[in-house]
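I opened this entry to look up how the chains of the model meet, and to follow up one annotated position afterwards.

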There are 2 protein chains.
Amino acid sequence: MRVLGIDPGLTRCGLGVVEGTVGRPPTLVAVGVARTPAELDPARRLVQIERAVQDWLAEHRPEVVTIERVFAQHNVQTVMGTAQAAGVAMLVAARAGLPVVLHTPSEVKAAITGSGRADKRQVGEMVTRILRLPEAPRPADAADALALAICHLWRGGAAGRYADAVAGASRPTNGYAAAVAAHARGGRKA
Amino acid sequence: MRVLGIDPGLTRCGLGVVEGTVGRPPTLVAVGVARTPAELDPARRLVQIERAVQDWLAEHRPEVVTIERVFAQHNVQTVMGTAQAAGVAMLVAARAGLPVVLHTPSEVKAAITGSGRADKRQVGEMVTRILRLPEAPRPADAADALALAICHLWRGGAAGRYADAVAGASRPTNGYAAAVAAHARGGRKA
């Protein structure tokens, strides 16, 4: 299962692709950040984000896209831009026929570090260790995108794929239905 | 100047097109609501909103798109869906090369009713009167979209077009540049 994780944002949008199969540690496929200039009109920044996500889908062909769920807690204007960027990322993935799954920051932290209250540094260190990288991916948005993808593999994807294998199902050809089903199964007991 | 106003939302997205020229009251071109089913995956609801906005642009050929600015005040999960829908509407308009202008709810209320704290009913009544409609457009999202479009005409568009006329400029052929310039001029003294 190949997963694209997206940490949405207007200024920096983290993108990370991870691949995993049952019984093997996940591996890094690609990681990066899409940046858009602050002086550009917000609507035009969203067009650049659309293009970046489209490019990543075309180049890395993930089977699932997972995006960080945005909460309106602190800085209101930043959060609105982040939610708009998340909406565009969701749109692009859904338009490509891929399942889109949102995970909360605390779900990701708990899956990666064992604690829902881990800080950015701890998440970065665990991502580095899990993917056996020479150093932590920078900026933090890139590491967060990988953490999201790993979280998705561990919470749903791998368990679902395993359930498919046990049930005698072959590699899913209908990516959307199969991955959603896998997620639903994995979600119950991940 | 023809303006498409969008009151964004996942469940109901209000769409209203209004046309205005200097010295004449604005006229209704089209009004409606795009609905997406609550049981559908949010990412797929955004794809339906994208299609609806694209259809409205193709059918009614506005020169400017104005969208209600979303604030994170109350119901957090609804607001996030609204912000995602707004992001998709902004994206579609920008991709079509159109200027995208956000107006706050109180700017719209003040422009239409004279008070930034007017309620939905008052806004609906004034929209009905301004556009000389037989009855108030329903649901409220449709009336709000028209109010946004009228607000934009009055705050920026008409003044800009007037300035163009005074300066001896002909009907703008470069819709984007002309409308942005018009908005910038109109914005100073609307």
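Entry 1, the interface area. I looked up the area buried between chain B and chain A and found about 2,300 Å², of which carbon and sulfur atoms give 67%. I note at once that this is a predicted model, and I read the values below with that in mind. On the side of chain B, I asked which three residues supply more than any others of the area buried against chain A. They are B:R44, B:M80 and B:L91, and together they supply 24% of what chain B buries there.

Entry 2, the residues in contact. I found that the contact takes 28 residues from chain B and 28 residues from chain A. I then compared the two sides, and since 100% of the interface residues of chain B are also interface residues in chain A, the copies meet through the same surface.

Entry 3, polar and charged pairs. I looked up the salt bridges between chain B and chain A and got a count of 2. The pair I wrote down is A:E50 with B:R95, where the closest N and O atoms are 2.4 Å apart. For polar contacts across the interface of chain B and chain A, I noted 4 residue pairs, with both residues at pLDDT 80 or more.

Entry 4, the elements involved. Which elements give two or more residues to the side of chain B that touches chain A? I found helix 1 (42–60) and helix 2 (76–95) of chain B, and of the elements it is helix 2 of chain B that gives the most, with 12 residues. Sorting that side of chain B by class, I recorded 19 nonpolar, 4 polar and 5 charged residues.

Entry 5, the relation of the copies. I superposed chain B on chain A and noted a rotation of 180 degrees with 0.0 Å of shift along its axis, at an RMSD of 0.0 Å. The two copies are therefore related as by a two-fold rotation axis. Looking for the C-alpha of chain B nearest the axis, I found that of B:Q84, at 2.3 Å from it.

Entry 6, the annotated position. In the UniProt record, an unreviewed entry, I found A:E68 listed for "binding site", and I take this as the record's statement. In the model, A:E68 is found in strand 4 of chain A, which covers residues 64–68. Leaving out residues up to four places away in sequence, I listed what A:E68 touches, namely A:I6, A:D7, A:P8, A:H103, A:P105 and A:L148.

How values were computed: Residues numbered from 1 in each chain as written. Chains lettered and ligands numbered in written order. Predicted model: local features only at pLDDT ≥ 70, side-chain atom pairs only at ≥ 80, totals over all residues. Heavy atoms only, no water. UniProt positions renumbered as here; feature names shortened; annotations may be inferred. Helix = DSSP H or I, 4+ residues; strand = E, 2+ residues; numbered from the N terminus. Contact = heavy atoms within 4.5 Å. Least-squares fit on C-alpha atoms with pLDDT ≥ 70 in both. Buried area = accessible area lost by both parts, 1.4 Å probe. Salt bridge = Lys/Arg side-chain N within 4 Å of Asp/Glu carboxyl O. Polar contact = N/O pair within 3.5 Å; in protein donor to acceptor, adjacent residues only side chain to side chain. Nonpolar A, V, L, I, M, F, W, Y, C, P; charged D, E, K, R; others polar.
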